[in-house]
Amino acid sequence: MGLGSNFVVLPLSLLLVSIATAAPAKPAAPTGGAGGVFDVAKYGAKPNADITQAVASAWKEACASTSPSKLLIPKGSYQLKGASFRGPCKSAIDIQVDGTLQAPPHPKGEGWIMLEYIDQLTLSGTGVFDGQGKAGWEKNDCHLKKICTKLPMSLKFNFVTNSVVKDITSLDSKNFHINLLGCKNVTFQHVTISAPDHSPNTDGIHISSSENINILNTNIGTGDDCISVGDSNSQITISDVTCGPGHGISIGSLGKYSKEKDVIGVFVKKCKLTSTTNGVRIKTWPDSAGAFIASDMHFEDIEMVNVSNPVIIDQEYCPWNQCNRKVPSKIKISKVSFKNIRGTSATPVAVKLVCSSSNPCEGVEVADINLTYNGKQGPIKSECANVKPTITGQQNPKICAKVAPPNAPSTD
């Protein structure tokens, strides 16, 4: 059939414009940001406001991404009622916090921020996790009695694997700053933890039921142990950590609760402790709830500055008389070394090794100790009980020159 006289041929360019005008394309669904970046600002987060829902929405999409993703909290100050970063996620994921997150004055639950069941997580940024601890410290009496109302920890890592935490700051936690449970192959690097010395139960980093954990190049000042290694742990490395104020770097306390298991392989090296109530310490409860071993624990190249108890094994740890001191600890301590420990002690008893009378310590090595005391309570000394260490190198004070008095009061 031929073309009719009224048929008009349109130029191709005009035809395309006509089609585009008649059928506009639907806008693409939001992806949370180009390059796999899920910025909470795109989910409604605004400075000086609560961003709890925005964080939850951004995490849901980022965790579902099939390619590596990043949840970003940009610079600014934000309120956060709480956050649950729960996996498993479909790919490696970063959480980058560059702003300041403020906890509510009276939060609920065990943890303010929960990170659970995540593999290949990186938590980083120049930001601050502000626990607003001053609002809760006066209510925290868990350092005084076994049964107490526990305030939430700031950051709880539960069953996190193959992950890195770096550069962040934890400030004024209401309870522990960072708690690890069931974690594997996790490294903390260049982390800052800060709370005043009077803040109760604010352990910097507490580790339990975990393996292959590294704490490196980290600065901790708080009101309890800078680092506490609890039960059921293996292969823990602590290196280049500065501690103070605080209660020192501790393995334990161990044996307070039933079902606790062995601690095997703790390596503490190249650390500096300043004005802490303890230095490097192993502590177990008398009348312990269970019997297990704590072995292969080594402390080397440690500097002490005005530390009250620089080197201590305390198997009579019983603060506030919460136990029966007459029943010796069932926990067996073995293969322990203290090497190249130097500096100043704030008390005359600079090295104290008090082991269980029913399970004496075995395989303890003490080498190259050079500590001085300039106070008025007598000459520097070392006290021991139920241990026969191998002693080499420098001895200042002379190691195990005196028998430790029984039932001496425990340090914090």
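This passage describes the pockets, the salt bridges and a nonpolar surface patch of a predicted model.

The largest pocket has a volume of about 1200 Å³. Its lining is made up of 45 residues, of which Lys150, Phe176, Asn201, His206 and Tyr257 are the closest to the centre of the pocket. Several strands take part in this lining, since at least two residues each are supplied by β10, by β13 (178-181), by β16 (205-208) and by β20 (249-254). When the lining residues of the largest pocket are sorted by class, 18 are polar, 15 are charged and 12 are nonpolar.

The second largest pocket holds about 210 Å³ of space. It is lined by 15 residues, and those closest to its centre are Asn309, Val349, Lys352, Pro409 and Thr411. Two strands, β24 (311-314) and β26 (349-354), are the elements that give two or more residues to the lining of this second pocket, and the largest share, 3 residues, comes from β26. By class, the lining of the second largest pocket comprises 6 nonpolar, 5 polar and 4 charged residues.

Attention now turns to charged pairs. Side chains of opposite charge can pair when their charged atoms come close. With a cut-off of 4 Å between a side-chain nitrogen of Lys or Arg and a carboxyl oxygen of Asp or Glu, the count in the model comes to 9 salt bridges.

One of these salt bridges joins the side chains of lysine 156 and glutamate 110, with an N to O distance of 3.1 Å. The two partners belong to distant parts of the chain, 46 residues apart, with lysine 156 placed in strand β10 and glutamate 110 in the loop between β6 (100-102) and β7 (111-116). Their surroundings can be set side by side: lysine 156 counts as buried because its relative accessibility is 8%, under the 20% limit applied to buried residues, whereas glutamate 110 counts as exposed because its relative accessibility is 59%, over the corresponding limit of 50%. Strand β10, which holds lysine 156, is also among the strands that supply at least two residues to the lining of the largest pocket.

A further salt bridge is formed by the side chains of lysine 332 and glutamate 362, at 3.2 Å from N to O. Because lysine 332 lies in strand β25 (residues 332-345) and glutamate 362 in strand β27 (residues 362-372), this pair ties together parts of the chain that are 30 residues apart in sequence. Glutamate 362 has a relative accessible area of 47% and is therefore classed as partly exposed.

Glutamate 383 and lysine 381 also form a salt bridge, in which the closest N and O atoms are 3.8 Å apart. Glutamate 383, at 8% relative accessibility, counts as buried, while lysine 381, with a relative accessible area of 27%, is partly exposed. In addition to these pairs, a network of salt bridges links Asp225, Arg281 and Lys283.

On the surface of the model, a nonpolar patch is formed by Tyr117, Phe159 and Leu181, which together have about 250 Å² of accessible area. Of these residues, phenylalanine 159 is found in the loop between β10 (153-158) and β11 (161-166). Phenylalanine 159 has a relative accessible area of 38% and is thus partly exposed; this value meets the requirement of over 30% that applies to members of a patch.

Conventions
Residues numbered from 1 in each chain as written. Predicted model: local features only at pLDDT ≥ 70, side-chain atom pairs only at ≥ 80, totals over all residues. Heavy atoms only, no water. Patch = residues over 30% accessible without salt bridge, like charges linked within 9 Å, V, L, I, M, F, W, Y side chains within 5 Å. Areas by Shrake-Rupley, 256 points an atom, 1.4 Å probe, with all protein chains shown as cover. Helix = DSSP H or I, 4+ residues; strand = E, 2+ residues; numbered from the N terminus. Buried < 20%, exposed > 50% of the residue type's maximum accessible area, 1.4 Å probe, protein only. 1 Å grid on protein atoms, 1.4 Å probe; cavity = no way out; pocket = protein on both sides within 12 Å on 5 of 7 lines; lining within 4 Å. Points joined across faces, edges and corners; volume = space filled by probe spheres on them. Nonpolar A, V, L, I, M, F, W, Y, C, P; charged D, E, K, R; others polar.
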